[in-house]
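Colleague: I am new to this structure and would like to go through it with you. Please show it first.

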Amino acid sequence: MSFSSDIKKELCSVKLKKDHCILAELSGIIYLSGTLALGSGGLSIVLNTENPDVVRRTLSLAKSTFSI
(Lines give C-alpha, C1' and ligand atoms only; values in the text may rest on other atoms or scores of the structure.)
Protein backbone atom coordinates (compact mmCIF):
# COMPACT_ATOMS: atom_id res chain seq x y z
CA MET A 1 0.00 0.00 0.00
CA SER A 2 1.06 3.55 -0.62
CA PHE A 3 1.27 6.28 1.97
CA SER A 4 -1.79 7.95 0.45
CA SER A 5 -3.84 4.73 0.66
CA ASP A 6 -2.80 4.21 4.27
CA ILE A 7 -3.86 7.73 5.23
CA LYS A 8 -7.20 7.44 3.42
CA LYS A 9 -7.89 4.14 5.16
CA GLU A 10 -7.09 5.64 8.55
CA LEU A 11 -9.23 8.72 7.93
CA CYS A 12 -12.15 6.56 6.81
CA SER A 13 -12.12 4.78 10.16
CA VAL A 14 -12.63 7.97 12.22
CA LYS A 15 -16.05 8.00 13.91
CA LEU A 16 -17.96 11.23 13.40
CA LYS A 17 -20.78 12.05 15.80
CA LYS A 18 -21.88 15.58 14.95
CA ASP A 19 -23.94 16.39 11.87
CA HIS A 20 -21.86 19.41 10.92
CA CYS A 21 -18.70 17.26 10.91
CA ILE A 22 -20.36 14.68 8.66
CA LEU A 23 -21.59 17.36 6.25
CA ALA A 24 -18.12 18.95 6.17
CA GLU A 25 -16.50 15.63 5.29
CA LEU A 26 -19.09 14.86 2.60
CA SER A 27 -18.60 18.34 1.17
CA GLY A 28 -14.83 17.86 1.05
CA ILE A 29 -15.07 14.46 -0.64
CA ILE A 30 -17.48 15.77 -3.28
CA TYR A 31 -15.39 18.90 -3.82
CA LEU A 32 -12.16 16.94 -4.33
CA SER A 33 -13.30 13.84 -6.19
CA GLY A 34 -16.92 14.31 -7.10
CA THR A 35 -19.15 15.86 -9.71
CA LEU A 36 -22.71 17.05 -9.26
CA ALA A 37 -24.97 16.47 -12.25
CA LEU A 38 -28.54 17.50 -12.94
CA GLY A 39 -30.33 15.29 -15.42
CA SER A 40 -33.79 14.07 -16.24
CA GLY A 41 -33.63 11.70 -13.25
CA GLY A 42 -32.79 14.54 -10.86
CA LEU A 43 -29.62 15.43 -9.02
CA SER A 44 -26.79 12.89 -8.94
CA ILE A 45 -23.28 12.73 -7.52
CA VAL A 46 -20.48 10.96 -9.38
CA LEU A 47 -17.33 10.07 -7.42
CA ASN A 48 -14.05 9.56 -9.21
CA THR A 49 -11.85 7.50 -6.90
CA GLU A 50 -9.97 4.23 -7.01
CA ASN A 51 -10.12 3.75 -3.24
CA PRO A 52 -12.99 1.49 -2.10
CA ASP A 53 -12.69 2.77 1.49
CA VAL A 54 -13.56 6.29 0.32
CA VAL A 55 -16.58 5.00 -1.61
CA ARG A 56 -17.87 3.01 1.38
CA ARG A 57 -17.29 5.96 3.71
CA THR A 58 -19.12 8.37 1.41
CA LEU A 59 -22.11 6.06 1.05
CA SER A 60 -22.22 5.42 4.78
CA LEU A 61 -22.13 9.13 5.64
CA ALA A 62 -24.73 10.00 3.00
CA LYS A 63 -27.09 7.24 4.14
CA SER A 64 -26.87 8.21 7.79
CA THR A 65 -27.29 11.93 7.09
CA PHE A 66 -29.91 11.96 4.35
CA SER A 67 -31.80 8.71 5.11
CA ILE A 68 -31.22 7.23 1.66
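Modeller: Buried means under 20% relative accessible area, exposed over 50%, and partly exposed in between, with a 1.4 Å probe and protein chains only. This is a predicted model, where local features need pLDDT of at least 70 and side-chain atom pairs count only at pLDDT 80 or more, while totals for chains, interfaces and linings use all residues. Residues are numbered from 1 along each chain as its sequence is written, and side-chain values use heavy atoms, with hydrogens and water left out.

Colleague: Is C21 buried or partly exposed?

Modeller: The relative accessibility of C21 is 31%. That value lies between the cut-offs of 20% and 50%, so C21 counts as partly exposed.

Colleague: How many disulfides are there?

Modeller: A disulfide is a pair of cysteine sulfur atoms within 2.5 Å. The cysteine sulfur closest to that of C12 belongs to C21, and at 15 Å it is too far for a bond. Seen from C21, the closest is that of C12, again too far at 15 Å. The count is therefore zero.

Colleague: Which residue stands opposite G34 in β2?

Modeller: Strands are DSSP runs of E with at least two residues, and helices are runs of H or I with at least four, numbered from the N terminus. G34 belongs to strand β1, residues 34-39, which is joined by six bridges to the antiparallel strand β2, residues 42-47; two strands pair if DSSP finds at least two bridges between them. The two strands form a hairpin with two residues between them. Opposite G34 in β2 stands L47.

Colleague: Which residues does G34 contact beyond its neighbours within four places in sequence?

Modeller: Contact means heavy atoms within 4.5 Å. G34 itself is partly exposed, at 22% relative accessible area. Leaving those neighbours aside, its contacts are I29, V46 and L47.

Colleague: Which residue forms a salt bridge with E25?

Modeller: A salt bridge is a side-chain nitrogen of Lys or Arg within 4 Å of a carboxyl oxygen of Asp or Glu. For E25 the N to O distance to its partner is 2.9 Å. The pair links distant parts of the chain, from helix α2 (residues 19-33) to helix α3 (residues 52-66), 32 residues apart. The partner is R57.

Colleague: Is R56, in the salt bridge with D53, buried or exposed?

Modeller: The closest N and O atoms of D53 and R56 are 2.7 Å apart, and both residues lie in helix α3, three residues apart, about one turn of the helix. D53 counts as buried at 18% relative accessibility. R56 has 52%, so R56 counts as exposed.
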